[in-house]
Amino acid sequence: MRIIPSATPISSSDRAFNYGDGVFTTLLVSEHQVELLPYHISRLEHDAAAIKLNIDIRALEAAIAEQVKTIKSGSGDNASPKYVLKVHVSGGQAGRGYARSEDSEALVRFSQHPYPVHYDSLANEGATVICAQTRLAIQPLLAGVKHMNRLEQVLIKHEVDDAGVHDAIVCDTQDNIIEASAGNVFFYLNEQWYTPSLKGSGVNGVVRQCLIDSLLNDNCSLHVGEYDLSYLRKASAVVITNALMGVMPVQKIQMPDFSYVDFDVRSDAIVALKTRLQTALQN
């Protein structure tokens, strides 16, 4: 595994460039601390193993810490209290062909980006979403993995932009709810939280896993399974989660028949879920 300076051009032989052969994670850095870092490290280790990419996870964790330290020292008093740090792990460089040679060295790049400040207002107002027409393919070998093959999400984002909304609920080809365009979904029904199974599709986000762990550790009711869109019509609250937005309430969903379902963005259940995440961030 080798750390590549961010200014280094990407080679035309890079396997991430040619085949999407690699994994990534997107970190939120707040006050020079990476939020949910253990979950990001665990996911990088899991996802790299899933695509048979050999990485030194401890060296990668140290490199992340060094990158944050470098950004802090370079920005001084003008440092933004929040920014986004993307960790990009490529399958390395090779000639033509899908096969990755055994001695192919994983390449790690970092990139820094501004925090999307509109998430702060949406956290209070709630997001308006559609139900995407694009369906996620079912592939258990890659389910849950944040790999670099994200063409489905590109198509979904086109739908979101065309509709002028904030996000979309996305189903798989068997009409099971899986996730949002770039986050996971929880819904509250009969005083219990539900979240879709990711056995066949989707990305296991770090906030999703953190909330699952928190709820189960406290013996709270949580259901993980296969649910179609009819469940959202019955739900009293829906949220989208990811590392940047945290727990984002959904205000309104436009269903495939163009009817709307409204939700309480300030429900006690959402407040409690946000508190769980905040507690995890402070520990």
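The overall form of the chain, its aromatic pairs and the surroundings of one loop residue are described below for a predicted model.

The protein chain contains 8 helices and 14 strands. Its C-alpha trace extends over about 50 × 45 × 40 Å along the principal axes. A compact globule of 283 residues would have a radius of gyration near 19 Å, and the protein chain, at 19 Å, therefore agrees with that expectation. Of the 283 residues, 51% are buried. Contacts between residues at least 6 apart in sequence were also examined, and 73% of these join residues at least 24 apart.

The exposed surface of the protein chain amounts to about 14,200 Å², of which carbon and sulfur atoms supply 49%. The chain carries 24 positive and 32 negative charges, and the mean positions of the two sets lie 3 Å apart.

Aromatic pairs were searched for over the whole structure, and 7 were found. In one of them, Tyr188 and Trp193 have ring centres 4.9 Å apart and planes at 55 degrees. The pair counts as tilted because this angle falls between the limits of 30 degrees for stacked and 60 degrees for edge-to-face. Both residues fall under the 20% limit for burial: Tyr188 is buried with a relative accessible area of 18%, and Trp193 is buried with 6%.

Tyr227 and Tyr231 form an edge-to-face pair, with 5.1 Å from centre to centre and 65 degrees between the planes. Within this pair, Tyr227 is buried, with a relative accessible area of 7%, whereas Tyr231 is partly exposed, at 26%. Tyr227 and Tyr231 also belong to an aromatic cluster that includes Phe187 and Tyr194.

Leu198 is located in the loop that connects strand S10 (192-196) with helix H6 (206-217). The relative accessibility of Leu198 is 11%, so this loop residue counts as buried. With residues up to four places away in sequence left out, Leu198 touches Ala143, Gly144, Ile178, Asn184, Val203, Asn204 and Arg208. The C-alpha atoms of Leu198 and Val145 are 9.6 Å apart in space, while the two residues are separated by 53 residues in sequence.

Technical notes. Residues numbered from 1 in each chain as written. Predicted model: local features only at pLDDT ≥ 70, side-chain atom pairs only at ≥ 80, totals over all residues. Heavy atoms only, no water. Helix = DSSP H or I, 4+ residues; strand = E, 2+ residues; numbered from the N terminus. Rg over C-alpha atoms; globule rule 2.2 N^0.38 Å. Buried < 20%, exposed > 50% of the residue type's maximum accessible area, 1.4 Å probe, protein only. Contact = heavy atoms within 4.5 Å. Areas by Shrake-Rupley, 256 points an atom, 1.4 Å probe, with all protein chains shown as cover. Lys, Arg positive; Asp, Glu negative; His and termini not counted. Charge placed at Lys NZ, Arg CZ, Asp CG, Glu CD. Phe/Tyr/Trp six-rings, centres within 6.5 Å; stacked < 30°, edge-to-face > 60°.
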